[in-house]
Amino acid sequence: MDTLTELNRKGYIEESIDPTLDLFEEIEKLKKEKNAIVLAHYYQEPDIQDIADYIGDSLGLSQEAAKTEADVIVFAGVHFMAETAKILSPEKTVLLPDLKAGCSLADSCPPHLFKKFKEKYPDHLVITYVNCTAELKALSDIVCTSTNAVQIVESLPKDQKIIFGPDKNLGAWVAKKTGRDLVLWNGACMVHEIFSREKITKLKERHPKAKFIAHPECEESVLQMADYIGSTTGLLKYSINSDASEFIVATESGIIHQMEKASPGKTFIPAPPNNNCACNDCPYMKRNTLEKLYLCLKNGLPEVTVPADIIERARKPIERMLEISAKLGL
Ligand code: SF4
């Protein structure tokens, strides 16, 4: 089977790797050789975070993708993030270590259904959370992230009618924070919906001094218990600046690596899911491994492409978000 057929089937390059190779060194060599940078999301495994040139959440990663001078961007994250990088830097080669690193939230909003939904509200402006496909972004007026969603809604006139998608939990939280009546698409992230209010209550009883911090993609019943709600970067900053020494963290567990590095004396406890699985690990994010990243950089595959007409239409709402964020100093 040739490499491309194999790639289509598996989503990544499979090749045996000499076990004596130091992959950290090899990746550094390849980055120089190919003028490549590695952008990694906080939810990636620790080894990938440690080899990355830039680690961040969706807003930071988009800002970085827009300004990089590298020829090749290796995106250690999920497919919609690599698409966003391609939209912002169409002349660059954007690689994703595993093409099947998708997103349950992006999947919960098929563009053809959203288009029909949008047609029911012709006088509404469409704000979409960056966690969606390029095609959905192309149907939007402004894109947002969890870092800037509240400010973006607040930047619009009070009487502006708004559709918010695809995450209903983030949308409900933004509606509450801004006092606006948003029309919500009924989508959600499987990782952030899994936290158990009951188990968190018990954990809080065992750790009475711990601060409970949560991402706004969590359900309202979980957010009600939180001492702080914020984006992944917001949660990281809060854990650094807080006097507390223990934190119960309700988001994907990958962020704990950065929290522990930034505050070595503090304890971080992942919030428990409502069953016994490791469900607060995003199975899509965790499809990327250091080995796949090395092979992807070495072979220049898999590459993420976006049709030119979608790039043109999706670029405007993303740039609008970046402009508003820059104005607000986010
Ligand atoms: S954590 Fe949720 S929203 Fe983020 S990539 Fe995974 S499935 Fe998508």
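Modeller: Two residues are in contact when heavy atoms of theirs lie within 4.5 Å, and with that reading, among contacts in the protein between residues at least 6 apart in sequence, 65% join residues at least 24 apart. This is a predicted model, in which local features need pLDDT of at least 70 and side-chain atom pairs count only at pLDDT 80 or more, while totals for chains, interfaces and linings use all residues. Residues are numbered from 1 along each chain as its sequence is written, and side-chain values use heavy atoms, with hydrogens and water left out.

Biologist: How many helices and strands does the secondary structure of the protein come to, and what does the radius of gyration say about the protein?

Modeller: Helices (H or I, at least four residues) and strands (E, at least two) are DSSP runs numbered from the N terminus, and here they come to 16 helices and 12 strands. The radius of gyration is taken over C-alpha atoms, and the globule rule is 2.2 Å times the number of residues to the power 0.38. For this protein the radius is 20 Å, close to the 20 Å that the rule gives for 330 residues, so the protein is as compact as a globular protein of that length. The C-alpha trace spans about 55 × 50 × 35 Å along its principal axes.

Biologist: What share of the residues of the protein count as buried, and which residues of H4 are buried?

Modeller: Buried means under 20% relative accessible area, exposed over 50%, and partly exposed in between, with a 1.4 Å probe and protein chains only. By that rule 57% of the 330 residues count as buried. Helix H4 (residues 58-67) is mostly covered, with 7 of its 10 residues buried: Ser 58, Leu 59, Gly 60, Leu 61, Ser 62, Glu 64 and Ala 65. These buried residues pack against strands E1 (36-41), E2 (54-56) and E3 (72-76), and against helices H5 (79-88) and H16 (308-327). Ser 58, at a relative accessible area of 13%, is in contact with His 41, Met 81, Val 130, Asn 131 and Thr 145, leaving aside its neighbours within four places in sequence.

Biologist: Is strand E3 covered or open on its faces, and which strands do bridges join to E3?

Modeller: Both faces of E3 are covered, since Val 72, Val 74 and Ala 76 on one side and Ile 73 and Phe 75 on the other are all buried. With 5 of its 5 residues buried, E3 is therefore largely enclosed by the rest of the structure. Two strands pair if DSSP finds at least two bridges between them; 5 bridges join E1 to E3 in parallel, with Ile 37 opposite Ile 73, and 3 bridges join E3 to strand E4 (residues 93-95), also in parallel, with Val 72 opposite Thr 93. A crossover is right-handed if, with the strands pointing away from the viewer, the path from the first strand over the helix to the second runs clockwise, and E3, H5 and E4 make such a right-handed β-α-β unit.

Biologist: How many residues has the largest nonpolar core, and which element gives the most to this core?

Modeller: A nonpolar core is a set of buried Ala, Val, Leu, Ile, Met, Phe, Trp, Tyr and Cys residues joined through side-chain atoms within 4.5 Å. The largest has 82 residues, and Phe 75 and Met 321 are among those with the most contacts inside it; H16 gives the most to this core, with 7 residues. A second, separate core of 21 residues includes Ile 27, Ala 36, Ala 52 and Leu 297.

Biologist: How many disulfides does a search of the whole structure find?

Modeller: A disulfide is a pair of cysteine sulfur atoms within 2.5 Å, and the search finds 0 of them. Cys 296 is in no disulfide, the nearest cysteine sulfur, that of Cys 282, being 18 Å away, and Cys 296 is buried, with a relative accessible area of 1%.

Biologist: Which backbone details deserve a look, and where does Asn 35 lie?

Modeller: Most residues other than glycine have a negative phi, and most peptide bonds are trans. Asn 35, although not a glycine, has a positive phi of about 50°; Asn 35 lies in the loop between helix H2 (23-34) and E1, and counts as partly exposed at 35% relative accessibility. The peptide bond from Gly 165 to Pro 166 is cis, with omega near -10°, and Pro 166 is in the loop between E7 and helix H10 (168-178). The bond from Leu 301 to Pro 302 is cis as well, with omega near -5°, and Pro 302 lies in the loop between helix H15 (290-299) and H16.
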